[in-house]
Amino acid sequence: MYIVEAIVRPEKTNAVIAALVDFGYKGEFILSEVTGQRQNLENTTIRNYRGHKFIKNTMKIKNKIELTINNEDLDNIINIIRNNAKTGEFGDGKIFVYDTVDRFSENNKDKNNDSFAEPVNSEREKLLRELRINLPDDDYVDSLLEEAFKPDGRELRDLEKIAIDKLNNDLFGLLKEQDILLDYKVDIEVDYNDGKYYYNCNIILIPKKTFGFIKKGININSIRNKSKNILNSINGNAEHTISIIVY
């Protein structure tokens, strides 16, 4: 058997795990966040100050996926990880493969599947110590999974853009076309905490006026409810705070 460690970009973690499950991998995943750096121009920042040069190496955050596989699955597992973690850019990650030791017991073999008994404790513990692997409890695994699936800053910014575009197309753009609004502005910030998304939406409305008077009335509560419904259609696992100002 082999132990495979894959260092991948955080945004590619879900795709790699999903592909492994689709392939038929039924073992356990150990997920952890790792950081590292490499001396290259991509992650090196150079600043000059009063004739002195300062060099700062930016630490890169990646996710590490660990799994134990049978010998015959090694090539397929490596190809699946490589194909689903690849972006074509520098720094996609690395794959490490280690030999491991397993003892098979005919008495413990499951008649309905190909699972086998655990290795002898002493050898198993020795191997885990050598590889510096700690077996986590259920709470620790849950926390690792939560951290692994936590969106990064770029994903949150993408959600903000999707929400703004949706409100522009489905609500405020239409109100402007209907000659109700002279102009408007929508600003949204998306945060993520404890498995939930939080949308903070600030809306500025400038109604159409004739001779200094608002041409058509604006129902603030109706606009707030429609905005919330649109945001819910994008992400149902979210709380929304909507502030509307009318000039």
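Q: Let's start with K176: what does K176 count as, given its relative accessibility?
A: K176 counts as partly exposed, because its relative accessibility is 38%. Keep in mind that this is a predicted model.

Q: Good to know. Which side chain does K176 meet in a salt bridge?
A: The partner is D183: the two side chains come to 3.8 Å, N to O. The cut-off for such a pair is within 4 Å.

Q: And what is the relative accessible area of D183?
A: D183 has 35%, so D183 is partly exposed.

Q: How many salt bridges does a search of the whole structure find?
A: The search finds seven. One of them is the K176 and D183 pair, and I can show you others in helix α5.

Q: Please do! Which side chain meets R157 in a salt bridge?
A: That would be E160, at 2.8 Å from N to O. The two are three residues apart in helix α5, so about one helical turn separates them.

Q: E160 next: buried or exposed?
A: E160 is buried, because its relative accessible area is 11%. Its partner R157, at 40% relative accessibility, counts as partly exposed.

Q: What about K161, which side chain does that one meet?
A: K161 meets D165 in a salt bridge of 2.9 Å, N to O. These two are four residues apart in helix α5, so they too are separated by about one helical turn.

Q: Is K161 buried, or exposed?
A: K161 counts as exposed, because its relative accessibility is 52%. For D165 the value is 32%, so D165 counts as partly exposed.

Q: Switching to strands: in what order do the three strands of the open sheet come?
A: The order is β7-β8-β11, and the pairing is mixed. The edge strands are β7 (181-193) and β11, each of which pairs on one side only. From one strand to the next, the twist averages 15 degrees.

Q: Where does helix α5 pack?
A: Helix α5 (residues 153-177) packs on this sheet and touches β7 and β8. The direction of α5 makes about 155 degrees with that of β7.

Q: In what sense do β8 and β11 pair?
A: They pair in the parallel sense, over nine bridges, with β8 covering residues 196-207. As an example, I203 has I244 in β11 as its bridge partner. As background, strands of a sheet pair through backbone hydrogen bonds, either parallel or antiparallel.

Q: Which strands does helix α6 lie across?
A: Helix α6 (residues 220-234) lies across β7, β8 and β11. Relative to β11, α6 runs at about 145 degrees.

Q: Where is N235 found?
A: N235 is in the loop between α6 and β11.

Q: A loop residue, then. Buried or exposed for N235?
A: N235 counts as buried, because its relative accessibility is 13%.

Q: Which residues is N235 in contact with, leaving aside neighbours within four places in sequence?
A: N235 is in contact with Y197, Y199 and H240.

Q: Last topic, the surface. Which residues make the nonpolar patch?
A: L182, I206, I245 and Y247 make a nonpolar surface patch of about 380 Å².

Q: Where is I245 found?
A: I245 is in strand β11, which covers residues 238-246. At 40% relative accessibility, I245 counts as partly exposed. The patch takes in residues with over 30% relative accessible area, so I245 at 40% passes that cut-off.

Terms used: Residues are numbered from 1 along each chain as its sequence is written. This is a predicted model: local features need pLDDT of at least 70, side-chain atom pairs count only at pLDDT 80 or more; totals for chains, interfaces and linings use all residues. Side-chain values use heavy atoms; hydrogens and water are left out. Patches are made of residues with over 30% relative accessible area and no salt bridge: like charges are joined within 9 Å, nonpolar side chains (Val, Leu, Ile, Met, Phe, Trp, Tyr) within 5 Å. Accessible areas come from the Shrake-Rupley method with a 1.4 Å probe; for residues, only the protein chains shown count as cover. Buried means under 20% relative accessible area, exposed over 50%, partly exposed in between (1.4 Å probe, protein chains only). Two strands pair if DSSP finds at least two bridges between them. Axes are lines fitted to C-alpha atoms, for helices over the stretch in contact, and angles run from 0 to 180 degrees between N-to-C directions. Contact means heavy atoms within 4.5 Å.
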